Amino acid sequence: MPALSVTHSILGQPWRWRGLTGEADCSAADLTDQLLMSRGVARDGLAAHREPTIRGFMPDPSIFRDMDVAAERLAAAVIGRQPVTIYGDYDVDGATSSALLIRLLRGLGLDPGSYIPDRLLEGYGPSGDALAAIAAGGAQLIVTVDCGAQAFEALAQAAAVGVDVIVVDHHKCTAELPQALALVNPNRLDETDGAAHGHLAAVGVAFLLGAALLRTLRARGWFAERPEPSLIALLDLVALGTVADVAALKGLNRAFVSQGLKVMRQGRNTGLVALAQAAGLTKPPTATDLGFALGPRINAGGRVGKSDLGVRLLVTDDADEAAAIAAELDRLNGERRAIEQMVTEAAEQIAASQANRAVAVVAGEGWHPGVIGIVAGRLKEKLGRPAIVIALDGTTGKGSGRSISGVDLGAAVLAAKDMGLLAAGGGHAMAAGLTIDSAAIDALADFLDDRLATDVARARDDRALLFDAVVSARGVAGTLVDALEAAGPYGAGWPAPRVATGPVRIIKADVVGNGHVRAIVAGDDGGSIKTIAFRQADSALGQALLGAGPHRRLWLAGRARRDDWSGGNKAELHLDDAAWAD
């Protein structure tokens with residue numbers, strides 16, 4: 001049933017309730033429970049989800065295949081003071097996973113090495129030559145994090161030189177697994193109970209490995225005469241990697257982020273404190289800040305700068321070093337944005353001619369490989385369908401894809417690889433990476449069209465603007481924001497609540513900043529609120545707000561936020577859409 005009888009909004013969308021009812025005249029606790037249940041929480045799980053704790057959601061690490069083998073081998077390295085190197089991916093998940101294990105092993109008396117491959121020179125995943133060189137340098141154990149699930153040749157080369165390798169990953173696996181001492185990945189096809197945690201980011205899997213390691217050492221009496229390092233103190237890294245990797249914030253991930261934000265507020269990690277300052281954050285970071293302020297800056301090192309900057313920032317305890325690295329990452333992030341804008345504009349022009357494709361597949365010579373993932377995400381949001389952006393260098397292309405809910409792009413990319421269309425490829429449901437010969441790009445596009453057209457059509461047909469509550473204008477207040485936030489943290493797979501208010505009349509509307517439309521509106525209940533529609537000045541929504549005048553009434557849809565400028569108990573509405581009420 002359409003919410004508020006809106007079948008076609010100003011932006012052309014139907015409105016629907018996310019839950020069973022849109023009424024919000026209940027208590028704050030009732031509204032919070034309504035939000036939780038509309039996101040799939042059973043009534044008997046409400047208490048655990050209101051305050052998600054690690055203890056409440058943590059599984060026994062031993063349910064994962066190879067976990068105990070990995071923990072025993074790491075414990076042997078700790079007890080025997082063996083040289084260990086952590087080999088991580090160059091994104092935020094890889095950086096946080098690496099930093100977590102490095103900090104934990106330091107707390108256990110080791111001084112592990114770190115290796116982050118160069119995106120442009122080495123590409124994604126473990127390199128056989130790099131693994132062999134690390135072994136030649138003395139490492140007896142290598143732990144790959146956020147990579148390795150498809151590294152058949154590289155891990156075979158490592159085995160040939162006699163070095164033990166533990167793979168800690170979360171990307172899609174094939175039935176055949178690469179050669180490794182242990183491969184810990186909830187997305188192994190032979191996983192049983194562990195498969196329920198396939199939504200974890202690699203840093204979450206690394207945290208579970210850390211827990212298994214400490215348990216193993218504890219059982220051996222290792223801490224009888226020495227202090228046990230705090231794994232909980234590293235949850236700030238887990239929260240950052242989980243949010244930045246767009247992992248679904250359900251189950252254990254909700255506990256990771258909720259508790260990790262609390263650890264982050266304590267300012268324990270010198271590098272994170274410096275990065276927040278460089279990003280201009282003046283308040284304790286929120287889940288949104290992790291995804292849009294801190295994460296992109298960590299990523300900037302791997303995209304357009306030095307790939308190891310993120311790990312170096314997250315493991316240093318030197319305030320001066322942290323400030324210098326954070327400043328460099330902030331500068332690189334600005335450079336990344338400029339490059340991204342250029343590639344986005346070119347990609348959008350190509351995609352405009354592919355309106356009939358289920359998956360937009362665009363390629364360009366000279367596009368920077370460091371930004372193609374971000375551009376794919378932008379393209380996906382604009383088109384409402386999966387997108388793959390390929391940077392060509394001669395006859396070879398490096399591609400990155402982003403998907404929409406309900407369409408498993410990672411599985412499709414693996415299938416394309418099995419069909420011989422790709423030189424390399426892998427990923428998970430919402431994101432994937434690939435290497436392709438330029439001559440095979442059209443064949444890949446055809447393959448994805450055939451495989452995913454039905455899933456994409458179904459997902460697009462299900463699109464609607466979903467609402468959690470309808471409130472009067474006077475009801476858009478700080479108490480409402482508090483009740484909404486109580487069901488957080490919000491992110492991928494756990495959408496932030498959207499409310500409708502109205503009918504309202506426009507008292508004043510104007511354009512501010514970079515194409516934002518600001519409006520003061522008044523409701524029939526006598527309440528008035530501030531609203532803003534970001535980057536909508538030229539859209540149908542922006543034009544409706546600017547031209548409505550005081551005599552037409554509208555329903556407004558958006559996110560309720562505290563009005564930081566006015567303070568007190570006031571709130572404002574960040575608009576997503578509107579519909580005429582009369």
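This note reviews the nonpolar cores, Lys-172 and helix α16 of a predicted model.

1. Residues are numbered from 1 along each chain as its sequence is written. Local features require pLDDT of at least 70 and side-chain atom pairs pLDDT 80 or more, while totals for chains, interfaces and linings use all residues, and side-chain values use heavy atoms, without hydrogens and water.

2. The largest nonpolar core (buried Ala, Val, Leu, Ile, Met, Phe, Trp, Tyr and Cys residues joined through side-chain atoms within 4.5 Å) has 135 residues. Helix α8 (residues 202–219) contributes its largest share, eleven residues; helices are DSSP runs of H or I, at least four residues, and strands are E runs of at least two, numbered from the N terminus. Apart from this core lies another of 27 residues, including Ile-388 and Leu-444.

3. Lys-172 lies in the loop between β5 (164–168) and β6 (182–184). Lys-172 counts as partly exposed because its relative accessibility is 22%; buried means under 20% relative accessible area, exposed over 50%, and partly exposed in between (1.4 Å probe, protein chains only). A polar contact of 3.0 Å joins its side chain to that of Asp-408; such a contact is a pair of N or O atoms within 3.5 Å, and within protein one must be able to donate a hydrogen and the other to accept it, with residues adjacent in sequence counting only if both atoms are side-chain atoms.

4. Asp-408 also appears at the start of α16, where a side-chain oxygen of Asp-408 reaches to within 3.3 Å of the backbone nitrogen of Gly-410. Seven of the ten residues of α16 (residues 409–418) are buried, among them Leu-409 and Val-413.
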